[in-house]
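Here are a few exercises to work through with the model open. Try each task before you read its solution.

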Amino acid sequence: MFFTLLAFIVALGLLITFHELGHYWVARRCGVKVLRFSVGFGRVLVRRFDRHGTEWALSAIPLGGYVKMLDDPQRSDGGDARQAFNQQPVGKRFAIVAAGPLANLLLAAVLYAALGLVGMQEPAAILAAPAAGTPAAQAGLLEGDRIVEVNGEAVRSWGEARWGLLDALTSGGTVSLQVEGEGGAARQHALELKAANIEPDNADLMADAGLALATPRPMVREVVAGGAGEQAGLRDGDVIIAAGPLSEPSAAELVEYIQSHAGQAMALTVLRNDAPVRVQLVPRAETDASGEQVGRIGVMLGADFPMVTVRYGPFESVWRGVARTADTVWFSLKMMGRMVTGDVSVRNISGPVTIADYAGQSARIGLAAYIGFLALISVSIGVLNLLPIPMLDGGHLMYYIIEMLRGKPLPDAWLETGQRVGLGLLAALMGLAFFNDFSRLFG
């Protein structure tokens, strides 16, 4: 629980602080006086003033931050009046407000680019046998096929294949897949997908389409000292490809076979340094939690997924980072539009509880997964703040666009009405998000 909370606080603090840095950076370059830049909210714990008179503060509640700009001039001298935000031309005010969401999108592109530059280990896009009747089976895809292109775009891993298929999986359409069979021969397939009924508790969309990773072979991760496996000569890294009459057993099949042969001699065939090795052993009879006698061989099993390293050069990493950010923005807007039309359930709206849970899960997986999570949430913050809802940055931008068209600001009465409407919309949205969070938590 503490780890999840910490991962959430770090994510929220970093992303919102970067958002506010966007406002600050453009405000300073537009000549607006920034009174305070605070990391966190509430009581100020530490502060210092820079040569421009800006107070840099660290506050008690570490859930983001804020920028306080001079708005109504504090004195009647011309210097302060010229430095007030509300005295700036509409173009400068537009730039200052837009800089926050754009900073989040820039951060996402940088994080995605960094992942591509450093490289990640990901499962290869090798398919299991498609279930009968699924789009993958109807398209003629076979067990062992490796996806190498989606709609003409090369993919190196399962993660890239999923991303390339995401739009069609949710919205429907025809996808062109190029695969390589087990012999290396390339084939082209057309995958016909229907628009999915997207619910938060639905099964995986890839699996629904008949696209699943090939079942991994069981691998020996650790040999327990003194166990039957050690005595038979099993070693860490051995991949078990046969057990008695079983050929290419799954981990579950292997465990079931071993447990049912307590005290009986059996043969295992393993791959060691790409060469088959045959060993003989006798599972020891032990009592399990239910009091039954089961066989154990004293090894810890893992999964032998074929892995690939996904890494790109500096220029391609930057290009892919920008493209991934743009694609995520477009996909987010499409999903919002489908929620408005009723094609996508509003149950998919998540609040802070779900986001905190995902933050903790991704941080436990590893740094790369956590950085990917930060990039995704940074895009979400940027997109949300650009929506034309009063009280959000996008609402202010909407006012400024109207001001540019009219040649003068909107009347105060209109602005006040807009603020009330915006506050009501945000309250309803947050209420729905919390309801969805707690429904998932206790449902």
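A pocket here is an open set of grid points with protein on both sides within 12 Å along at least five of seven lines. Keep in mind that the model is predicted.

**Exercise 1.** Work out how much space lies in the second largest pocket, and what lines it.

*Solution.* Start with the volume: the second largest pocket holds about 490 Å³ of space. Next, look at its walls, where 23 residues form the lining, and I126, E182, A214, T215 and P306 sit closest to the centre. Finally, sort that lining by class: eleven residues are nonpolar, eight charged and four polar.

**Exercise 2.** Describe how helix α3 and helix α12 pack.

*Solution.* First take the geometry: α3 (residues 90–118) and α12 (residues 393–406) have axes 9 Å apart, at an angle of about 160 degrees. Angles over 145 degrees count as roughly antiparallel, so α3 is roughly antiparallel to α12. The crossing is left-handed. Now the residues: on the α3 side you'll find V90, G91, R93, F94, V97, A98 and P101, and they meet D393, H396, L397, Y400, I401, E403 and M404 of α12. Sorted by class, this contact has nine nonpolar, two polar and three charged residues.

**Exercise 3.** Do the same for helix α10 and helix α11.

*Solution.* The axes of α10 (residues 352–365) and α11 (residues 367–386) come within 7 Å and cross at roughly 150 degrees. That angle makes α10 roughly antiparallel to α11. From α10, the contact uses I355, Y358, A359, S362, A363 and I365, while α11 supplies A369, Y370, F373 and I377. Class by class, that's nine nonpolar residues, one polar and no charged ones.

Note on methods
Residues are numbered from 1 along each chain as its sequence is written. This is a predicted model: local features need pLDDT of at least 70, side-chain atom pairs count only at pLDDT 80 or more; totals for chains, interfaces and linings use all residues. Side-chain values use heavy atoms; hydrogens and water are left out. On a 1 Å grid over the protein atoms alone, a cavity is a set of points where a 1.4 Å probe fits but cannot get out, and a pocket is an open set with protein on both sides within 12 Å along at least five of seven lines; lining residues have an atom within 4 Å of a point. Grid points are joined across faces, edges and corners, and a volume is the space filled by probe spheres set on the points. Ala, Val, Leu, Ile, Met, Phe, Trp, Tyr, Cys and Pro count as nonpolar, Asp, Glu, Lys and Arg as charged, and the others, Gly among them, as polar. Axes are lines fitted to C-alpha atoms, for helices over the stretch in contact, and angles run from 0 to 180 degrees between N-to-C directions. Helices (H or I, at least four residues) and strands (E, at least two) are DSSP runs, numbered from the N terminus. Angles under 35 degrees count as roughly parallel, over 145 as roughly antiparallel, 65 to 115 as roughly perpendicular and the rest as oblique. A crossing is left-handed if the near helix is turned anticlockwise from the far one by less than a right angle, and right-handed if clockwise. Contact means heavy atoms within 4.5 Å.
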